[in-house]
Amino acid sequence: MSISRDDILQIATLAKLSVEESELPELTKDMAQMIAFADAINAVSTEASDFDNINGLVNVMREDVVEPSFSRDDILKNAESQDDGFFLVKKRS
Amino acid sequence: MKYELVSGLETHVELATNTKIFCSCTTEFGGDQNTHCCPICIGLPGTLPKLNQKVVDYAIMAGLATNCEISPISKMDRKNYCYPDLPKAYQISQYDMPLCKNGYIELSNGRKIGITRIHIEEDAGKLVHQRGNTYVDYNRGGVPLIEIVSEPDIRSVEEAREYVEKLQMIMRYIGVSDCKMQEGSLRCDVNISLRPVGQKEFGTRTEIKNMNSFTFMEKAMKYEISRQADLLDSGQPVVQETLRYIVEEDRTESMRGKEDANDYRYFREPDLVTIEVPAEKVEKFRAALPELPDPKRHRYIEQLGLPEPDANLLVKYRKVAEFFEAASDGVKNPKNVANCIIGQIFRRVENEAQKEAFEISIPPEYLRDLVLLLDSGKIKMNLLKSTLEKMLDSGKPASEFISENDLAGIDPDTLKTLCTQALEQNPNAVSDYLGGKEKALKSLLGHVMKNSRGRADAMEAEQLLIALIRS
């Protein structure tokens, strides 16, 4: 599979990365190599069932019974930024 | 040029489960921000989702009620996109193996709107944009949704509205969702494209996101149809994009270029196992479905002899239909029960929410007993009506208000005496009536009814009054 300059720009947009014009040729080449590496998988049979979990488990589900949620302090404990009980996402400049 | 609308809808319906789709946090609406959360629904690393059985059950019911096939095997997939309403940067949804597919909803004009698929997924959190920052509340994150995707079969704004109304009614009937648009438990994305009348190929479509009221949906569609028509008329292309509707300005604006499915990099959710639905389970659910609105409406019209408008009003809310059926059980003419509900009881339930809940002061059996008195000729219509008002005021049965004396009715001699008295005491009314004022008769009738304490039959009394005046 070949990778074009536009593919790189599109991927960068989706990943919210800014890419310099000067970086494009190098990135395009690297990405093409990575994809070529992954192409090996195409040689393998890919029936949907082959991707199932190795335990062969189906229908692992839980009953619809409410359990207490965590305290808000615990929920927000790891937040980089918070305000008034909300997670706060600062606007990117 | 004349254009034809081609529209398809994606309808998100929040399921009425107690817990979220992948964790045991409550799904209750509202609550202080970030108080219905746990490490699973805020997407902390190392947590594992576990599917709520009820979500699968409800989705199967929704599929069966909309004539879908239920997939014997389905799975969950990751839909990747980066936005703060999704803490994991992906939504767990279903991509190529949805739980339900190939269904339809039939509209009143006989057209069938195809349902491509119904899949289960998790709702995103709520974002509040303020002071240049974004505040995130994940209470809604992980609340179970079904997304009902229609075929592009809709050809008018009216059809779009009816389609959503029917979905709403059906989902409420089977009890899988309360479908409250104002609380966001039913919301639609509307795809819109135009093509010249007679052309087969579809035009380029745009998608208006997150319509959460019927009025706004209709307005947004009308705006977008005329915007696209103007573009096409002036030879400009319609750009495929995602739009939001600005209520205050009655216009749509671009949110972002439309993603292709590729951009979401869907792949199998490795943390959740395959969902298998055995045929026996599907049949069990099919057998347990309640009678749905359309068959019920037909039955009311065909078998109970109700006029169509009455049938529509009674069927619209499941609880009203249940009340009607209990109250008309064994009654000679169910139309009398329908009249009581539509004419009198509905006046006491003002809004949609109240009709939906239909909590009224008397049980349906009280109404049935009252109508049975009419059936057996023991009381007349006017006494039935006034008694029903008293019953509704007090929550008491008819026997509290109708005495043995009333039940005896009124004999022809007494009625004649009362009528004669009314004529003698109101000579002016009599001459007015003879002078051509039809209304004067009503005041005479009023006297008769009052003096008979409501026991006289109004029709009989009216005829007798006319006969006496003319004699």
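# Briefing: chains A and B, their interface and sheets

The centres of domain 1 and domain 2 of chain B, taken over C-alpha atoms, lie 38 Å apart. The contact between them draws 8 residues from domain 1 of chain B and 12 residues from domain 2 of chain B. This is a predicted model. Chain B also meets chain A, with 32 residues of chain A in contact with 44 residues of chain B. One open sheet of 4 strands includes strands of both chains, in the order β2(A)-β3(A)-β10(B)-β9(B).

**Domains of chain B**

- The domain assignment splits chain B into domain 1 (3-284), domain 2 (291-407) and domain 3 (412-470).
- Domain 1 of chain B and domain 2 of chain B bury about 830 Å² between them. Carbon and sulfur atoms give 60% of that area.
- On the side of domain 1 of chain B, B:M169, B:R172 and B:Y173 supply 72% of the area buried against domain 2 of chain B. No other three residues supply more.
- The rule finds 2 salt bridges across this domain interface.
- B:R172 forms a salt bridge with B:E356. Their closest N and O atoms are 3.1 Å apart.
- The interface of domain 1 of chain B and domain 2 of chain B also has 4 residue pairs in polar contact, both residues at pLDDT 80 or more.
- Helix α2 (residues 157-173) of chain B gives the largest share of the domain 1 side, 5 residues.
- The side of domain 1 of chain B that touches domain 2 of chain B divides into 5 nonpolar residues, no polar ones and 3 charged ones.

**Interface of chain A and chain B**

- About 3,300 Å² is buried between chain A and chain B. Of this, 57% is on carbon and sulfur atoms.
- A:M61, A:R62 and A:D64 lose the most area to chain B among residues of chain A. Together they account for 23% of what that side buries.
- The rule finds 0 salt bridges across the interface of chain A and chain B.
- Polar contacts are found there: the count is 21 residue pairs, both at pLDDT 80 or more.
- Four elements of chain A give two or more residues to the side that touches chain B: α1 (5-14), β1 (61-62), α3 (72-76) and β3 (86-89).
- β3(A) gives the most to that side, with 4 residues.
- The residues on the chain A side divide into 15 nonpolar, 6 polar and 11 charged.

**A:V65 in the loop**

- A:V65 lies in the loop between β1 and α3 of chain A.
- Beyond its neighbours within four places in sequence, A:V65 is in contact with B:T19 and B:S24.
- A:V65 and A:I35 are 30 residues apart in sequence. In space they are 45 Å apart, C-alpha to C-alpha.

**The sheet shared by both chains**

- The pairing in the open sheet β2(A)-β3(A)-β10(B)-β9(B) is antiparallel.
- The edge strands are β2 (82-83) of chain A and β9 (126-130) of chain B. Each of these pairs on one side only.
- β3(A) pairs with strand β10 (residues 133-137) of chain B over 3 bridges, in the antiparallel sense.
- A:F87 has B:V136 as its bridge partner in β10(B).
- A:V89 stands opposite B:T134 in β10(B).

**Strand pairing within chain B**

- Strand β12 (residues 186-196) of chain B pairs with strand β13 (residues 206-211) of chain B in the antiparallel sense, over 4 bridges.
- In β13(B), B:T206 stands opposite B:I192.
- β13(B) also pairs with strand β14 (residues 241-246) of chain B, in the parallel sense over 2 bridges.
- B:I208 stands opposite B:L243 in β14(B).
- An open sheet of 3 strands in chain B has the order β6-β5-β16, with antiparallel pairing.
- β6 (90-93) and β16 (267-268) of chain B stand at the edges with a single partner strand each, so one side of each is left without a neighbour in the sheet.
- Strand β5 (residues 77-80) of chain B pairs with β16(B) in the antiparallel sense over 2 bridges.
- The bridge partner of B:R78 in β16(B) is B:F267.

Technical notes:
Residues are numbered from 1 along each chain as its sequence is written. Chains are lettered from A and ligands numbered from 1 in the order in which they are written. This is a predicted model: local features need pLDDT of at least 70, side-chain atom pairs count only at pLDDT 80 or more; totals for chains, interfaces and linings use all residues. Side-chain values use heavy atoms; hydrogens and water are left out. Contact means heavy atoms within 4.5 Å. Buried area is the accessible area (1.4 Å probe) that two parts lose on being put together, summed over both. A salt bridge is a side-chain nitrogen of Lys or Arg within 4 Å of a carboxyl oxygen of Asp or Glu. A polar contact is a pair of N or O atoms within 3.5 Å; within protein, one must be able to donate a hydrogen and the other to accept it, and residues adjacent in sequence count only if both atoms are side-chain atoms. Ala, Val, Leu, Ile, Met, Phe, Trp, Tyr, Cys and Pro count as nonpolar, Asp, Glu, Lys and Arg as charged, and the others, Gly among them, as polar. Two strands pair if DSSP finds at least two bridges between them. Domain bounds come from an automatic or database domain assignment.
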